[in-house]
Amino acid sequence: MKTASSVRPMGSSVFVIRYFNFKSGQLAGSLLAAALTILSIFPIVGLAAESAPAADLKSVSSQGLADLVLEKGHANLCVLTNAPYVRLDDAPAVRCLDTITDITGCTQGRGNLLFYHASVTGGPRIVLFRKDTGRAILMTARGGSGDRLTSPCSPVEAKSGTAAFQAVTLDIGPQKIVEPEAYKSIMKQVGEPAEAFSIAGILSAWALGAPYDFMKCCEFHNHYCPGVTIGYFIARIVLDKYPLSKGQKYVWIGSPAKCGDDAIQVLLDLTPSKRTCYIKELTPAQKKAITVEEPLNNVMGMLVVWDNARNQGRAAVFKYDWGKACQVSGLKYADFNPDGGAANPLFWTSRLKSNLAMIRYFDRPSEFVSVAREVEVSPEMYVRLISAGTNPYEAIGLVKP
Ligand SMILES: [Zn+2]
């Protein structure tokens, strides 16, 4: 494989000139090749709706790869997209993946074709990312029947029934995304702060070598935040410390609700509809009354290992050491909620900074997560734990009188 520096950028004009540099006898083939190339770069409006988006995406993503000065299949290349979840021209946008894989060589099996969850009403976004430079090409679908415009900047106006992709170059290396001024520009370029956070965060995790099961947590949660790390840590400890025996099952009761609950769902296959995951909010007074709650060392929820045959279980209450997480991240807890909230870049850069610090501890979850108490759970207690209107900590006797 060529090194990145040896790969020459190839703009569309270079392609065209090369095809016209023919000798006698090669005229017909050269003209045909030139015509096909021009067609792929400037798709004719009015082609069948199914082929128009793929043709257009092909040219934009080819140019994007050239702009990153990378060749297909390079180890520094990754693709992140919401395409499996959204629609394009009134059909699932997932069909874009074949084009993207053809151009980039990125696949799920190689761990360099990543997804993030989005509402079906969202617009398709595809990001090509080069990890050693931090540069990325964000491709956003514009127009096309049934698409919602998700960004205020829209220089390409697509005709009805065809989809055009607009490309924007982003600078989202791990060093850049923690600088508030630089991040402000990224937010502006992407158009939506939450989407910018999804893109910058998830790609930083990949760049820093996060394990694949962690990337699946980020995909479901739709971003990488400190809460996902907490959930990942808890699940790792659950699997290590509480392996299931025959006839047993895990039930997670997340209380209060936290981002980490999504990571626990993904890693342990626990869902509300299977009655294996319950999320219960707490009032500030309820939280304060928990006997094992401490400032900056907070309860996250409890795992119940329920034994169907014996009709009894055991609950383990988990806590997370926010104080230590802040310390290793060089942050104060207040940094996570600066004046102005999500409109303030610090809101996002604090989270990204914490991510980059905590990723160094992925193989040492017990340095931040602890089991505060284990309690035997009777059938009656279990019903109270999972039912509406009951405080789960009260149900297992962990509330101050
Ligand atoms: Zn989150």
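**Exercise 1. At roughly what angle do the axes of helix 6 (residues 193-207) and helix 12 (residues 345-358) cross, and within what distance do they come?**

Keep in mind that you're working with a predicted model. Two packed helices are described by the angle between their axes and the distance between the axes.

- Step 1: The two axes cross at roughly 15 degrees and come within 11 Å.
- Step 2: Angles under 35 degrees count as roughly parallel, so helix 6 and helix 12 are roughly parallel to each other.
- Step 3: Now find who touches whom. On the helix 6 side you'll find P193, F197, A200, G201 and S204, and they meet W348, L352, N355 and L356 of helix 12.
- Step 4: Sort those contact residues by type: six are nonpolar, three polar and none charged.
- Step 5: For the handedness, helix 6 and helix 12 make a right-handed crossing.

**Exercise 2. Work out whether the length of helix 8 (residues 226-241) agrees with what you'd expect for a helix.**

- Step 1: Helix 8 has 16 residues, and at 1.5 Å a residue the expected span is 22 Å. Watch out here: you multiply 1.5 Å by one less than the number of residues.
- Step 2: Its end C-alpha atoms lie 23 Å apart, so the two values agree.

**Exercise 3. Describe how helix 8 packs against helix 9 (residues 260-268).**

- Step 1: Their axes are 7 Å apart, at an angle of about 40 degrees.
- Step 2: That makes helix 8 and helix 9 oblique to each other.
- Step 3: The crossing is right-handed.
- Step 4: Helix 8 brings G227, V228, I230, G231, Y232, I234, A235 and V238 to the contact, while helix 9 brings G260, D261, D262, A263, I264, L267 and L268.
- Step 5: Sorted by type, this contact has ten nonpolar residues, three polar ones and two charged ones.
- Step 6: How many of the 16 residues of helix 8 are buried? Twelve are, so to speak, tucked in: helix 8 is mostly covered. Among the buried ones are P226, F233 and R236.

**Exercise 4. Is Y250 buried or exposed?**

- Step 1: Find Y250 in strand 8 (residues 248-254).
- Step 2: Count its surroundings: 20 other C-beta atoms lie within 10 Å. The cut-off for buried is 20 or more, so Y250 is buried.
- Step 3: Skip the neighbours within four places in sequence, and Y250 touches V238, L244, L268, L270, T276, L303 and V305.
- Step 4: Take L270 from that list. Y250 and L270 are 20 residues apart in sequence, yet their C-alpha atoms are 7.6 Å apart in space.
- Step 5: Link back to Exercise 3: V238 belongs to helix 8 and L268 to helix 9, and both are contacts of Y250.

Terms used. Residues are numbered from 1 along each chain as its sequence is written. This is a predicted model: local features need pLDDT of at least 70, side-chain atom pairs count only at pLDDT 80 or more; totals for chains, interfaces and linings use all residues. Helices (H or I, at least four residues) and strands (E, at least two) are DSSP runs, numbered from the N terminus. Axes are lines fitted to C-alpha atoms, for helices over the stretch in contact, and angles run from 0 to 180 degrees between N-to-C directions. Angles under 35 degrees count as roughly parallel, over 145 as roughly antiparallel, 65 to 115 as roughly perpendicular and the rest as oblique. A crossing is left-handed if the near helix is turned anticlockwise from the far one by less than a right angle, and right-handed if clockwise. Two residues are in contact if their C-beta atoms, placed from the backbone, lie within 7 Å. Ala, Val, Leu, Ile, Met, Phe, Trp, Tyr, Cys and Pro count as nonpolar, Asp, Glu, Lys and Arg as charged, and the others, Gly among them, as polar.
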